[in-house]
Amino acid sequence: MKSKALTAIFPGTFDPITNGHIDLITRASQLFPRLIVAIAQNPNKKTLFTLEERVNLASTSVEHLLNVEVIGFDNLMADFAQKHAATVIVRGVRTTHDFEYERQLAEMNRALNPDLDTIFLMPSIAMGFISSTIVKDVALHGGDISNLVPLHVKTELLKRLT
């Protein structure tokens with residue numbers, strides 16, 4: 001039997017980080033002694049913010065969580081996990097569609113790194129509908145995103161969209 005994981009990874013694009021992400025990060029930080037928020041430089045996604053900007057926005061958003069660090073990456077998750085001695089990936093799952101996609105990723109990561117497990121967290125009811133895509137769309141059309149993202153993220157997002 002494996003010993004309790006010391007390091008877990010919560011990966012994503014975080015373009016931008018939302019209150020839904022922060023809810024899951026906070027909950028995951030209570031489950032593991034060390035949590036890395038791994039921000040992907042995903043060439044398949046056209047992001048609004050650069051990797052450095054996304055790392056900065058996320059770092060400010062979780063600075064109150066002392067066992068959480070934010071790191072950008074541009075390689076395979078299995079390799080990133082091995083480099084940081086992580087044995088668990090934490091993923092948020094809102095819908096069955098999310099689950100099917102995340103299950104494929106979990107299986108691939110496990111095939112690439114047999115010591116790497118994935119656990120799924122469901123968002124709280126109040127946060128389950130929030131996604132970065134929805135936040136950007138609401139902001140683009142002049143809607144109020146105050147309850148969807150931290151204030152500093154709202155400020156930067158509105159600057160970028162106007």
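In this predicted model, the side chain of S61 reaches the backbone oxygen of L57 at 2.8 Å. S61 lies in helix 2, and with a relative accessible area of 7% it falls under the 20% limit, so S61 counts as buried. Not counting residues up to four places away in sequence, S61 touches I17, I22, P150, H152 and V153.

**Helix 2 against helix 6**

Two of those partners, H152 and V153, belong to helix 6, where they appear together with E156 and R160 among the residues that meet E53, L57, T60 and S61 of helix 2. Helix 2 and helix 6, the latter spanning residues 151–161, pack at an angle of about 155 degrees, and their axes are 10 Å apart. Because an angle over 145 degrees counts as roughly antiparallel, helix 2 is described as roughly antiparallel to helix 6.

**The annotated binding site**

An unreviewed UniProt entry places the feature "binding site" at T13, K45, M77 and R91. From this set, the lining of the largest pocket takes in T13, K45, M77 and R91. T13 lies in the loop between strand 1 (7–12) and helix 1 (19–29), whereas K45 lies in the loop between strand 2 (34–40) and helix 2 (51–61). The side chains of K45 and T13 are joined by a polar contact of 3.4 Å. When neighbours within four places in sequence are left aside, T13 is in contact with I39, A40, K45, T47 and R54.

**The loop before helix 1, and a second positive phi**

The loop that holds T13 also contains F14 and P16. The peptide bond from D15 to P16 is cis, with omega near 0 degrees, and F14 has a positive phi of about 50 degrees although it is not a glycine. A85, likewise not a glycine, has a positive phi of about 55 degrees; A85 is found in the loop between helix 3 (77–83) and strand 4 (88–92). The table sets out the accessibility of four loop residues discussed here.

| Residue | Relative accessible area | Class |
|---|---|---|
| T13 | 13% | buried |
| K45 | 47% | partly exposed |
| F14 | 4% | buried |
| A85 | 57% | exposed |

The two residues with positive phi thus fall into opposite classes, because F14, at 4%, is under the 20% limit for buried residues, whereas A85, at 57%, is over the 50% limit for exposed ones.

**Helix 1 and its surroundings**

At the N-terminal end of helix 1, T18 acts as a cap, with a side-chain oxygen lying 3.2 Å from the backbone nitrogen of G20. Helix 1 is mostly covered, in that 9 of its 11 residues are buried; these are N19, G20, H21, I22, D23, L24, I25, A28 and S29. I22, one of the buried residues of helix 1, is also among the residues that S61 touches.

M127 has its place in the loop between strand 5 (117–121) and helix 5 (132–140). Although M127 and N19 are 108 residues apart along the chain, their C-alpha atoms are separated by 7.2 Å. Leaving aside neighbours within four places in sequence, M127 is in contact with N19, G20 and D23, each of which is listed among the buried residues of helix 1.

Definitions and conventions: Residues are numbered from 1 along each chain as its sequence is written. This is a predicted model: local features need pLDDT of at least 70, side-chain atom pairs count only at pLDDT 80 or more; totals for chains, interfaces and linings use all residues. Side-chain values use heavy atoms; hydrogens and water are left out. UniProt positions are given in the numbering used here, feature names are shortened, and annotations may be inferred rather than shown by experiment. On a 1 Å grid over the protein atoms alone, a cavity is a set of points where a 1.4 Å probe fits but cannot get out, and a pocket is an open set with protein on both sides within 12 Å along at least five of seven lines; lining residues have an atom within 4 Å of a point. Helices (H or I, at least four residues) and strands (E, at least two) are DSSP runs, numbered from the N terminus. Buried means under 20% relative accessible area, exposed over 50%, partly exposed in between (1.4 Å probe, protein chains only). Contact means heavy atoms within 4.5 Å. A polar contact is a pair of N or O atoms within 3.5 Å; within protein, one must be able to donate a hydrogen and the other to accept it, and residues adjacent in sequence count only if both atoms are side-chain atoms. Axes are lines fitted to C-alpha atoms, for helices over the stretch in contact, and angles run from 0 to 180 degrees between N-to-C directions. Angles under 35 degrees count as roughly parallel, over 145 as roughly antiparallel, 65 to 115 as roughly perpendicular and the rest as oblique.
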